[in-house]
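This report covers the helix, the overall make-up of the chain and the disulfide, in that order.

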Amino acid sequence: MPAIRRLASPLFAPAFALVALSSLAGCDESNPSFFAPACPALDIPGSAADQFVYDGKSADIGSLVSHAQIASLSGDCERGPDGPHGHQTVRTRLSLAMNLTRGPAATSSTIDVPYFIVIMRDGKIVDKKVFTDSFRFPANVSTQSVRTNLRLIDLPATDNMTQENPYTLEIGYQLTHGELGYNREHLAPVSFHSHTQ
């Protein structure tokens with residue numbers, strides 16, 4: 001399964017990536033219909049790759065409720081169900097791996113993490129989906145690595161499903177204006193790289 005992994009970076013650094021998921025292996029070259037469809041490109045905006053939640057008293061470590069950081073994104077593509085008018089679709093399956101920290105100001109053992117998948121074509125937003133996954137921390141645990149639920153995105157296919165996909169998916173945390181401003185002011189950029197597992 002193709003994946004995007006965060007490169008080693010300074011603590012709390014955001015990310016940026018623009019890569020395409022590669023085709024799945026194991027296709028029957030004698031029958032073009034067996035080829036995996038081309039996947040959309042993926043983009044993780046650097047300013048949306050971290051989410052710091054504070055208790056409102058200050059922005060120091062003592063007031064930190066939680067910190068979520070995208071560690072990697074994995075997914076693949078397959079032929080999707082027929083669309084409402086009988087057209088072919090490409091189904092992209094995505095899951096985010098994240099590092100979560102429960103801060104000193106946390107009052108709950110559960111962290112809710114909102115994130116978005118924006119569908120773009122030719123630089124314009126076609127649709128946006130927002131999801132929230134909840135993660136529970138065991139007693140006496142303040143950091144853990146987690147994975148989001150698998151998300152399915154169905155997009156119209158081109159006439160030849162193995163040709164370059166015209167869509168881009170942007171994935172990141174659904175931040176408040178304050179959280180976005182904090183990231184832009186305090187975090188230095190890092191990068192992701194693509195690989196196939």
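In helix α1 (residues 177-186), Glu 179, Tyr 182 and Asn 183 are the buried residues, buried being under 20% relative accessible area, exposed over 50% and partly exposed in between (1.4 Å probe, protein chains only). Helices (H or I, at least four residues) and strands (E, at least two) are DSSP runs numbered from the N terminus. The buried residues line one face of α1, because they fall within an arc of 95 degrees seen down its axis; the arc is that of the directions from the helix axis to the C-beta atoms. They pack against β4 (50-54), with contact meaning heavy atoms within 4.5 Å. His 177, Gly 178, Arg 184 and Glu 185 are exposed on the other side of α1.

This is a predicted model, in which local features need pLDDT of at least 70, side-chain atom pairs count only at pLDDT 80 or more, and totals for chains, interfaces and linings use all residues. Residues are numbered from 1 along each chain as its sequence is written, and side-chain values use heavy atoms, leaving out hydrogens and water.

The chain has one helix and twelve strands, in the order β-β-β-β-β-β-β-β-β-β-β-α-β from the N terminus. Of its 197 residues, 44% are buried.

The structure holds one disulfide, a pair of cysteine sulfur atoms within 2.5 Å. Cys 39 is joined to Cys 77, S to S 2.1 Å, and the pair links distant parts of the chain, 38 residues apart.

| Cysteine | Location | Burial |
|---|---|---|
| Cys 39 | loop between β2 (17-20) and β3 (41-44) | buried |
| Cys 77 | strand β5 (residues 64-79) | buried |
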